[in-house]
Amino acid sequence: MLTTDSGFTINTLGAKVGAEIIGADLRKHLSAAAFAEIEDTFYRYSVVVIRDQELTTKELVEFSRLFGTLQINVRSKTKTKDADIRIMPDEQEAIYISNVKKDGKFMGSTDAGRYWHSDLCYEQIPSKMTLLHAIEIPEKNGVVYGATKFADVAAAYDALSRTMKNRLEGLVAANSFRHMWQRKADDFGTRMKLGDEELAKLPEDAIHPVVRVHPVTGQKCIYICDGYTNRILGMPEDESDQLLSELFAHMAKREFRYQHEWSLNDLLMWDNCAVQHKANFDYDPSLRRLMQRCTVMGDAIT
Ligand code: OGA
Ligand code: MN
């Protein structure tokens, strides 16, 4: 446990990744020093929860903006069979991640986090950070469900053999929102499979390095993910498939794992270069889960 100059308590929650900040009130003006403490904690632990934040959408957006430019999610332009991913009219940068229905339609993305992924890695300029605010969490008989799992992909890189590290050097891969869309349509039936014309409206595949150097910490991180990466370029398809499967299995190992168990009013922030994440769909759909999310644009990947 550590108490900062601004009076926040910081507790580590995982072995390397994962920490909580207690004693902050994000509705009030944060001094530059207090914000710096939060930012330092974020880069040090990669997954950081600020507890007990009863925020409006506007307050979530305003706090998120302190970290950089917010992104407008592509889901605002796409519809599913029974959901119209509503971007709130006044706060375009926030979306719902939720299984809750309003007027017979899902009011948010119901299938976010089905596969291991890094947010918006399908964009040319991905998200450096995601902020997810827990407004309602699924609970039954005193047990909370719907945890979010994280994989420390810097540790996963470090644990690769020297031969594998050499093999990955300089490789680039395609990260595809279109591929993810069709895969989810096949796997869960909650989305309509799209035709060529509709697919063309979605972002083009983004080519990113298989291994990224973290822009702040300098750590090397594996940057391909099961959710979006469908092809390593410059090698035959079967070799790419084989290498991707091997790396996905490696990153998903328990030893790199941290699991966030949600409490109401948690504001969870994660670093999309240092970790990947996956949602636990372990609760009855009748239990409500309502989250609001902002993503912060990173720098162009060089
Ligand atoms: C996300 C996401 C996982 C979850 O919001 O980007 O993947 O547990 N969420 O809701
Ligand atoms: Mn996500």
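**Close-up views of two pockets and two ligand sites**

**View 1. Lining of the largest pocket in the predicted model.** The residues that line the largest pocket comprise 10 nonpolar, four polar and four charged ones. This lining consists of 18 residues in total. Nearest the centre of the pocket lie Arg212, Val213, His214, Pro215 and Asp299. The space within the largest pocket amounts to about 290 Å³.

**View 2. Strands that contribute to the largest pocket.** Two strands, strand 10 (127–136) and strand 16 (211–213), each provide at least two residues of the lining of the largest pocket. Strand 16 supplies three residues, which is the largest share of this lining.

**View 3. The second largest pocket.** The volume of the second largest pocket is about 250 Å³. Its lining is formed by Asn99, Phe106, Thr110, Asp111, Arg114, Phe188, Thr190, Phe281, Tyr283 and Pro285. Sorted by class, the lining of the second largest pocket contains five nonpolar, three polar and two charged residues.

**View 4. The surroundings of ligand 1.** The shell around ligand 1 is made up of Ile97, Gly113, His117, Asp119, Leu132, Thr148, Trp270, His277, Ala279, Arg289 and Arg293. Of the residues in this shell, four are nonpolar, four are polar and three are charged.

**View 5. Polar side-chain atoms beside ligand 1.** Three side chains are shown together with oxygen atoms of the ligand. A polar atom in the side chain of Thr148 lies 2.6 Å from an oxygen atom of ligand 1. In the side chain of Arg289, an N or O atom is 2.8 Å from an oxygen atom of ligand 1. For Arg293, the distance between a side-chain N or O atom and an oxygen atom of ligand 1 is 2.6 Å. On its own, ligand 1 has 290 Å² of accessible area, and the protein covers 99% of this area.

**View 6. The manganese ion and its donors.** The manganese ion (ligand 2) is coordinated by His117 through NE2, by Asp119 through OD and by His277 through NE2, at 2.1 to 2.2 Å. Along the chain, the donors of the manganese ion follow the spacing H-x1-D-x157-H. Distant parts of the chain are linked by the pair Asp119 and His277, which are 158 residues apart. Asp119 belongs to the loop between strand 9 (105–106) and strand 10, whereas His277 belongs to strand 21 (residues 275–279). The residues His117, Asp119 and His277 also appear in the shell around ligand 1.

Definitions and conventions
Residues numbered from 1 in each chain as written. Chains lettered and ligands numbered in written order. Predicted model: local features only at pLDDT ≥ 70, side-chain atom pairs only at ≥ 80, totals over all residues. Heavy atoms only, no water. 1 Å grid on protein atoms, 1.4 Å probe; cavity = no way out; pocket = protein on both sides within 12 Å on 5 of 7 lines; lining within 4 Å. Points joined across faces, edges and corners; volume = space filled by probe spheres on them. Helix = DSSP H or I, 4+ residues; strand = E, 2+ residues; numbered from the N terminus. Nonpolar A, V, L, I, M, F, W, Y, C, P; charged D, E, K, R; others polar. Near = heavy atom within 4 Å. Polar contact = N/O pair within 3.5 Å; in protein donor to acceptor, adjacent residues only side chain to side chain. Areas by Shrake-Rupley, 256 points an atom, 1.4 Å probe, with all protein chains shown as cover. Donors = N, O, S within 2.8 Å, 3.2 Å for Na, K, Ca; no water.
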